[in-house]
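Q: I would like to learn how to read the features of a structure model, one at a time. Could we go through this one together?

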Amino acid sequence: MNTLYLRAEGISFAYPDKAVLREIDLAIQPGELVGLIGPNGSGKSTLIKCLSRALAPQRGRVWLDGHELAALAPQQIARHIAVVPQAVELPPGFTAFEIVLMGRVPHLAWWQNENARDKQIARAALEATGTWALADRLVNQLSGGERQRVVIARALAQEPQILLLDEPTAHLDVKHQVEVMELVRRLNRARGLAVLVVFHDLNLAAQYCSRLVLFKEGRVYKAGSPREVIAPEILREVYGVELLVVPHPRNQRPMAVVCDT
Ligand code: ADP
Ligand code: MG
């Protein structure tokens, strides 16, 4: 069972022409499924990049357990943290199976090739995401949704303890949205993965997450249970829109809906 956690401590990040993250504190514990929400451009993807060392924050620190992320080699980080980025570019000319097998690279020494066990792990990852039937297809010939699930399979093949997903359901129809979220939750519960998911859809976030973090202009505006965060006055303040918040008829979790009066 996983015991690793990831913690951002007062991180600030600016692109050359733009300050984006301002003093973010955020921790993801083992077994936790945290949703990150906020308007376009509020810094969600930038945070995911800082948490996986794709970007280095100018101030503050990111901790992977007791280790500062900045002091670890990319391969060491990739053994523990897998990322499903928002815009994924896959190298053309590879099959889905080959792409997923690349998830094993962080676990291999430079002189090693993937062995039977690595191939078995890749197969299990394809099966878990319902893409085993696509294993021999070239990834550039897959649909957006199929490709997305292959990218998630590659992340699973990394056997991470920490999973960072940036809008993983963005190009998926509702069936595949549910399938991906059920899969993520299963991994989260069965293996105790610490999971952070960026959501576009507030209601999907409220259904699946135990805790939500709401960004506004690069700051944590509100963090807490879905019921604490998904409230009309908070959403008005952050998104600048009037939404109706009603309890889900089955589980009472909040649902924010537009209301055309
Ligand atoms: P979100 O994921 O919440 O939509 P992003 O983290 O992608 O937000 O972007 C936050 C802000 O940083 C936006 O204003 C965006 O235009 C800007 N930004 C993102 N990437 C870059 C980049 N590579 N160079 C300069 N500015 C960027
Ligand atoms: Mg984004």
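A: Let us begin with burial, for which a residue is called buried when its relative accessible area is under 20%, exposed when that area is over 50%, and partly exposed in between. Please keep in mind throughout that this is a predicted model.

Q: With those cut-offs, is Phe 13 buried or exposed?
A: Phe 13 has a relative accessible area of 7%, and because this lies under 20%, the residue counts as buried. Tyr 15, by contrast, comes out at 29% relative accessibility and therefore counts as partly exposed.

Q: How should I read a pair of aromatic rings, and how many aromatic pairs does the structure hold?
A: In general, such a pair is described by the distance of the centres and the angle of the planes. This structure holds 2 aromatic pairs. In one of them, the rings of Phe 13 and Tyr 15 have centres 4.8 Å apart and planes at 80°, and because an angle over 60 degrees counts as edge-to-face, that is the name this pair receives.

Q: What are the distance and the angle for the rings of Phe 97 and Trp 132?
A: Their centres are 6.3 Å apart and their planes stand at 70°, so this pair is edge-to-face as well. The pair links distant parts of the chain, since Phe 97 belongs to helix α3 (residues 96-101) while Trp 132 sits in the loop between α4 (116-128) and α5 (144-157), 35 residues apart. As for burial, Phe 97 is buried with a relative accessible area of 18%, whereas Trp 132, at 33% relative accessibility, is partly exposed.

Q: Turning to the ligand, which residues are around ligand 1?
A: Among them are Tyr 15, which we have already met in a ring pair, together with Asp 17, Lys 18, Gly 43 and Lys 44. The residues of this shell divide into 3 nonpolar, 6 polar and 3 charged.

Q: Which atoms of Lys 18, Gly 43 and Lys 44 lie at a short listed distance from an oxygen atom of ligand 1?
A: For Lys 18 it is a polar side-chain atom, 3.2 Å from a ligand oxygen, and for Gly 43 it is a backbone N or O atom, at 3.0 Å. Lys 44 also uses a polar side-chain atom, which lies 2.8 Å from an oxygen atom of ligand 1. Taken alone, ligand 1 exposes 560 Å², of which the protein buries 64%.

Q: Which elements give two or more residues to that shell?
A: These elements are β2 (18-28) and α1 (44-51), and α1 gives the most, with 3 residues.

Definitions and conventions
Residues are numbered from 1 along each chain as its sequence is written. Chains are lettered from A and ligands numbered from 1 in the order in which they are written. Side-chain values use heavy atoms; hydrogens and water are left out. A residue is near a molecule or strand if one of its heavy atoms lies within 4 Å of it. A polar contact is a pair of N or O atoms within 3.5 Å; within protein, one must be able to donate a hydrogen and the other to accept it, and residues adjacent in sequence count only if both atoms are side-chain atoms. Accessible areas come from the Shrake-Rupley method with a 1.4 Å probe; for residues, only the protein chains shown count as cover. Helices (H or I, at least four residues) and strands (E, at least two) are DSSP runs, numbered from the N terminus. Ala, Val, Leu, Ile, Met, Phe, Trp, Tyr, Cys and Pro count as nonpolar, Asp, Glu, Lys and Arg as charged, and the others, Gly among them, as polar. Rings of Phe, Tyr and Trp (its six-membered ring) pair if their centres lie within 6.5 Å; planes under 30 degrees apart count as stacked, over 60 as edge-to-face and the rest as tilted. Buried means under 20% relative accessible area, exposed over 50%, partly exposed in between (1.4 Å probe, protein chains only).
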